[in-house]
Amino acid sequence: MIRIYSQLEQGLAWQRQVVGQCPLMVLTLGFTATGLLPGISAAGATPADRAYTALADAEFLAYGPLPQPHFPLPPLQAGASPALISRAVISELAIPLRLINAGLPQAPPVPHLSLGTQPAQCLTTGRAMPLEQVQQLWHAGLHWGSQLAAGDEGYLLLAECVVGGTTTALALLTALGLDALGRVNSSHPICNHAQKQQVVLQGLGRVGWQAGDPPLQPLAAVAAIGDPMQPLVAGMAMAASRDQPVMLAGGTQMLAVYSLMTALAETEAVFWRPDRVVVGTTRWVAEDPSGDTIGLAQLSQACLMATQFSFQNSRFAALRAYEQGFVKEGVGAGGCAIAAHLYRNWGQLELGLAVERVLSQKAHCEGRSGR
């Protein structure tokens, strides 16, 4: 059920540390106006839909299907929200959940920790966030990483929800000196690399950076072209790794966070345990033919693993759409699937039925079959 794609020995050692352990899931919610660019993301059919995706995901993850949610899950081009996978795992296996608002247009309608920080502007401005806010998020991450790792759970599962986040991930990876162009994923079946590259180079050009220049200072790079999730999760993972194993639950976005952690360890002289940190995602991301996730993991020297879970034989068309390249990942779906296998030895059958139960409940609440 789990395949390790890079840093094999580290991945095997990490799994031995956490097998049979219940994680604490921490979902960081953030927003960047980059996600409102036409066509940049499929995590919501329109820019207006995408403005509320993180709020809807948070509500669904915390409460499951509701007859009248404050924020319904946004309509997608095809497929069903990856929040269904994460919800199925945390609800049926009683995995504790914490939600952090790192910068949203409005507060999510669920219990959460708010850091009082603002959403990011579009990265094309070259002024996504004030440097002071990025530093605040970074230090908050260090604080909360230490606090959360002191709990009774076996490890931290750090997930994210930032619409447009694969584009800010590309921008950050590029600014940190990695050859990431053409390698990142997206929520589209075939990644919109040309659009992402144009947006990223425009933003970096605004700060006077061009290809071949030395890497930017990491926190300055986030301030110029990043999003609020990146410095917060980097800080949390680094601090928590001193005490516990950590999974960065996501694809391209978490590889960017891992690269940020590596850069920050050097520029900020902060100690962490890279051997205790892995990136966990889905097979749909790791083996996406329109990206190069594995190559990106190798470039960043991150340990990448992915659930081998499949919807091939699901009775729901919305779930089978994952096998055609729609949706792929989000809200820690891959990490939750990995955790379900390591914690309770869930396989294809158990996870598939659990997700279908959640989708059936959602369809019942909405008064339709969902097939």
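Here a student and a tutor talk through a few helix contacts and loop residues in a predicted model.

Student: Let's start with helices H5 and H8. What makes them oblique to each other?

Tutor: The axes of H5, residues 131-149, and H8, residues 218-225, cross at roughly 120 degrees. Angles of 65 to 115 degrees count as roughly perpendicular and those over 145 as roughly antiparallel, so a value between those ranges is oblique. H5 and H8 are therefore called oblique.

Student: How far apart are the axes of H5 and H8, and which residues make the contact?

Tutor: The two axes come within 9 Å. On the H5 side the contact is made by Leu131, Val134, Gln135 and Trp138, and H8 brings Leu219, Ala220, Val222 and Ala223. Sorted by class, that gives seven nonpolar residues, one polar and no charged.

Student: What is the handedness of that crossing?

Tutor: H5 passes H8 in a right-handed crossing. The crossing of H5 and H9 is right-handed too.

Student: How do H5 and H9 meet?

Tutor: Their axes come within 6 Å and cross at roughly 35 degrees. Among the contact residues are Trp138, Gly141 and Trp144 of H5, together with Pro231, Gly235 and Met236 of H9. By class, this contact has 15 nonpolar, four polar and no charged residues.

Student: H9 is followed by a loop with Ser241 in it. Why does Ser241 count as buried or exposed?

Tutor: Buried means under 20% relative accessible area. Ser241 has 0%, so it counts as buried. Ser241 lies between helix H9 (229-240) and strand E6 (246-249), and it touches Val246, Trp272, Arg273, Arg276 and Val277, leaving aside residues up to four places away in sequence.

Student: And Gln301: how do you know whether it is buried or exposed?

Tutor: Exposed means over 50%. Gln301 is at 56% relative accessibility, so it counts as exposed. It sits in the loop between helix H12 (293-300) and strand E8 (304-307).

Student: What makes the phi of Gln301 worth a look?

Tutor: Most residues other than glycine have a negative phi. Gln301 is not a glycine, yet its phi is positive, near 60 degrees.

Student: What is the phi of Asn345, and where does that residue lie?

Tutor: Asn345, also not a glycine, has a positive phi of about 60 degrees. Its loop joins helix H14 (333-344) and helix H15 (348-366). With 55% relative accessibility set against the cut-off of over 50%, Asn345 counts as exposed.

Key. Residues are numbered from 1 along each chain as its sequence is written. This is a predicted model: local features need pLDDT of at least 70, side-chain atom pairs count only at pLDDT 80 or more; totals for chains, interfaces and linings use all residues. Side-chain values use heavy atoms; hydrogens and water are left out. Axes are lines fitted to C-alpha atoms, for helices over the stretch in contact, and angles run from 0 to 180 degrees between N-to-C directions. Helices (H or I, at least four residues) and strands (E, at least two) are DSSP runs, numbered from the N terminus. Angles under 35 degrees count as roughly parallel, over 145 as roughly antiparallel, 65 to 115 as roughly perpendicular and the rest as oblique. A crossing is left-handed if the near helix is turned anticlockwise from the far one by less than a right angle, and right-handed if clockwise. Contact means heavy atoms within 4.5 Å. Ala, Val, Leu, Ile, Met, Phe, Trp, Tyr, Cys and Pro count as nonpolar, Asp, Glu, Lys and Arg as charged, and the others, Gly among them, as polar. Buried means under 20% relative accessible area, exposed over 50%, partly exposed in between (1.4 Å probe, protein chains only).
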